Amino acid sequence: MAYEFAIIEKKEHLWIITLNRPERMNALHSPAHKELDEILHELKLRLDLVIEIVVNDEVLINRIENRAKESKNARSDDNEEVLKNRLNIYHESTEMIKPYYLEQKKLVKIDGMRSIGQVSSDIEGQLINIEK
């Protein structure tokens, strides 16, 4: 199985599907999500849930700038330019596929402006609900 936007590997009983769009920071876009549907169908798997962590772009940029200033171990990509590029890619490609998952009732939005603990708890709650 060769795909344009994904790399697939199997490790024991686990399938690993990795987006392969390094030029777009591996953002999911319309052709890639259609390819993902094909892959899941061929592997006899299904996508149960898509989680969108909703954040305010400006607040996120301020957080990254502050983290870079305050941290002695700041990463090279902890800067406004890199983050703005990532956000642009998200708004140009990934955001455009949300209606597809909304229509299938698979998209869940989580408020990413709250604490890490609260966001993590919401994500965990959504994952637990899949099994019900």
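This report covers one helix pair and two buried residues, K98 and I110, in a predicted model.

**Helix pair α2 and α3**

Two packed helices are described by the angle between their axes and the distance between the axes. Helix α2 spans residues 57–70 and helix α3 spans residues 80–92; they pack at an angle of about 150 degrees, and their axes lie 9 Å apart. Angles over 145 degrees count as roughly antiparallel, and α2 and α3 are therefore roughly antiparallel to each other. Their crossing is right-handed. On the α2 side the contact is made by D57, L60, I61, I64 and E65, and on the α3 side by E80, L83, K84, L87 and H91. Sorted by class, this contact has 5 nonpolar, 1 polar and 4 charged residues.

**Two buried residues**

The table gives the element and the relative accessible area of K98 and I110.

| Residue | Element | Relative accessible area |
|---|---|---|
| K98 | helix α4 (residues 98–103) | 16% |
| I110 | strand β4 (residues 107–111) | 3% |

Residues under 20% relative accessible area count as buried, so K98, at 16%, is buried. The side chain of K98 forms a polar contact of 3.1 Å with the side chain of E52. Beyond its neighbours within four places in sequence, K98 is in contact with E52, Y90, L107 and K109.

I110 also counts as buried, at 3% relative accessibility. I110 and I51 are separated by 59 residues in sequence, with a C-alpha to C-alpha distance of 7.1 Å. Leaving out neighbours within four places in sequence, I110 is in contact with I51, E52, I53, V54, V119, D122, I123 and Q126. E52 thus appears in the contacts of K98 and in those of I110.

Definitions and conventions. Residues are numbered from 1 along each chain as its sequence is written. This is a predicted model: local features need pLDDT of at least 70, side-chain atom pairs count only at pLDDT 80 or more; totals for chains, interfaces and linings use all residues. Side-chain values use heavy atoms; hydrogens and water are left out. Axes are lines fitted to C-alpha atoms, for helices over the stretch in contact, and angles run from 0 to 180 degrees between N-to-C directions. Helices (H or I, at least four residues) and strands (E, at least two) are DSSP runs, numbered from the N terminus. Angles under 35 degrees count as roughly parallel, over 145 as roughly antiparallel, 65 to 115 as roughly perpendicular and the rest as oblique. A crossing is left-handed if the near helix is turned anticlockwise from the far one by less than a right angle, and right-handed if clockwise. Contact means heavy atoms within 4.5 Å. Ala, Val, Leu, Ile, Met, Phe, Trp, Tyr, Cys and Pro count as nonpolar, Asp, Glu, Lys and Arg as charged, and the others, Gly among them, as polar. Buried means under 20% relative accessible area, exposed over 50%, partly exposed in between (1.4 Å probe, protein chains only). A polar contact is a pair of N or O atoms within 3.5 Å; within protein, one must be able to donate a hydrogen and the other to accept it, and residues adjacent in sequence count only if both atoms are side-chain atoms.
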